[in-house]
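This briefing is meant to be read with the sequence and the 3D view side by side. It starts from one term, goes on to the chain as a whole, and then turns to a few local details.

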Amino acid sequence: MATFPFEIQAREGKARTGVLKTPRGDIRTPAFMPVGTAGTVKALYMDQVKGAGADIILGNTYHLMLRPGAERVSRLGGLHKFAHWDGPMLTDSGGFQVWSLAQLRKMDADGVTFQSHIDGSTHRLDPARSIEIQADLLGADISMQLDECTDYPCTHEQAEESLELSLRWGERSLDAFGERDSQTLFGIIQGSNFADLRERSAKGVVSQGFGGIALGGLAVGEGHAQMCETIDMTVPHLPDGMPRYVMGVGKPIDLVESVARGIDMFDCVLPTRSGRHGQAWTWAGPVNVKNAKFAEDLSPLDEAVDCPASRDYPRAYYHHLFRAGEYLGPMLLSWHNTAFFQALMQEIRASIAEGRFEALRARLSDAWASTKSKPRAAENEAG
């Protein structure tokens with residue numbers, strides 16, 4: 001298995017910036033990966049995604065195995081060619097989507113059997129099949145081990161059982177992946193919000209010999225404070241020279257605080273999902289363009305973002321597009337949000353290199369304080 005060179009170029013505190021070098025191109029870190037769920041970053045052309053500054057995108061194993069089918073994607077030349085993306089691509093294992101189908105799945109020691117949310121057909125996913133789909137059929141540059149995403153909240157016993165299962169599946173994922181010259185495989189840490197289990201999982205995953213390490217079991221309803229605490233209890237047990245990836249995160253404030261704790265890679269559907277629902281992310285905080293106060297607002301969404309959707313269209317136009325139900329509204333807003341998230345990562349990288357990350361962190365924390373997610377009420381009561 002190839003281990004892609006990872007060069008850390010500058011640090012400020014625990015935050016670091018560098019480059020993860022892949023055969024398909026360099027990934028500047030910290031990196032935010034736009035999510036291409038079904039072979040597309042929703043509402044965008046791939047040249048818009050690349051023009052926004054993204055070095056890498058994420059593909060979705062679960063959705064692509066169901067439609068159009070992983071074997072079909074392979075026959076059509078692989079996911080890079082199919083989606084018209086020539087840069088690095090990471091695929092998730094399918095485990096998170098299967099976890100979310102609680103009423104449609106049956107777990108066992110060897111894998112999971114589940115029903116398609118599309119047509120009810122029955123499918124089987126185990127570590128070997130997940131690797132076959134990701135690395136062989138889709139052709140991912142970075143594949144993820146199959147793991148079991150732990151429920152939140154859960155008991156210590158449940159989290160322990162889950163992390164042990166994920167460790168066993170990690171070994172089987174590595175066996176299935178084998179030796180490859182131009183692809184790598186990341187392992188996934190579980191353990192919920194229990195410090196002893198996060199340490200145990202981290203040490204186990206590191207010892208298995210993956211090309212990178214991901215923190216799983218986050219962005220599942222735990223809230224911003226618990227997310228930060230979980231990262232804090234995990235990072236000290238990770239090797240310095242290996243890329244660290246927090247899966248499914250998140251809001252801009254989550255990205256900044258995760259970088260401050262030593263994280264290098266992120267993915268989330270938020271930029272395009274927010275764009276489809278009328279929410280723009282800006283340096284001053286989120287903006288809901290559907291609000292009546294923008295009906296005659298001629299100011300751009302955020303002229304500090306170097307993107308036509310950010311600087312060339314007034315908020316009044318966005319307000320009109322969403323009120324009129326025009327397709328162009330979600331398309332432009334998704335473009336802006338994607339560009340904003342990439343601008344944020346570029347500014348984070350520059351601030352670390354120039355020794356001003358903590359100043360940036362303080363400024364953005366004030367601007368985005370109200371966006372920090374909190375645990376849902378039921379989870380608070382259970383915790």
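Contact, as the word is used here, means heavy atoms within 4.5 Å. The model is predicted, and every value below is computed from it. With that meaning of contact, and leaving aside its neighbours within four places in sequence, Lys290 is in contact with His277, Gly278, His319, Phe322 and Arg323.

**The chain as a whole**

- The secondary structure of the chain comes to 16 helices and 16 strands.
- The radius of gyration is 20 Å, close to the 21 Å that the globule rule gives for 383 residues, so the chain is as compact as a globular protein of that length.
- Along its principal axes, the C-alpha trace spans about 60 × 45 × 45 Å, and 57% of the 383 residues count as buried.
- Among the contacts in the chain with a separation of 6 or more, 68% are accounted for by residues 24 or more positions apart.

**Surface and charge**

- The chain exposes about 15,500 Å², of which carbon and sulfur atoms supply 49%.
- There are 39 positive and 49 negative side chains in the chain, and the centres of these two sets lie 3 Å apart.

**The hairpin of E2 and E3**

- Strand E2, residues 15-22, pairs in the antiparallel sense with strand E3, residues 25-29, over five bridges.
- A hairpin of two residues joins E2 to E3, and the bridge partner of Thr22 in E3 is Gly25.

**Helix H9**

- Helix H9, which covers residues 224-234, is mostly covered, with eight of its 11 residues buried.
- The buried residues of H9 are His224, Gln226, Met227, Cys228, Thr230, Ile231, Met233 and Thr234.
- These buried residues pack against three strands and two helices, namely strand E11 (184-189), strand E12 (212-215), strand E13 (244-246), helix H8 (195-208) and helix H10 (252-259).

**The surroundings of Lys290**

- Lys290 lies in the loop between strand E16, residues 285-288, and helix H12, residues 308-311.
- Is Lys290 buried, exposed or partly exposed? Its relative accessibility is 31%, and because buried means under 20% and exposed over 50%, Lys290 counts as partly exposed.
- Lys290 and Ser192 are 98 residues apart in sequence, and their C-alpha atoms are 37 Å apart in space.

Note on methods. Residues numbered from 1 in each chain as written. Predicted model: local features only at pLDDT ≥ 70, side-chain atom pairs only at ≥ 80, totals over all residues. Heavy atoms only, no water. Helix = DSSP H or I, 4+ residues; strand = E, 2+ residues; numbered from the N terminus. Rg over C-alpha atoms; globule rule 2.2 N^0.38 Å. Buried < 20%, exposed > 50% of the residue type's maximum accessible area, 1.4 Å probe, protein only. Areas by Shrake-Rupley, 256 points an atom, 1.4 Å probe, with all protein chains shown as cover. Lys, Arg positive; Asp, Glu negative; His and termini not counted. Charge placed at Lys NZ, Arg CZ, Asp CG, Glu CD. Pairing = 2+ DSSP bridges.
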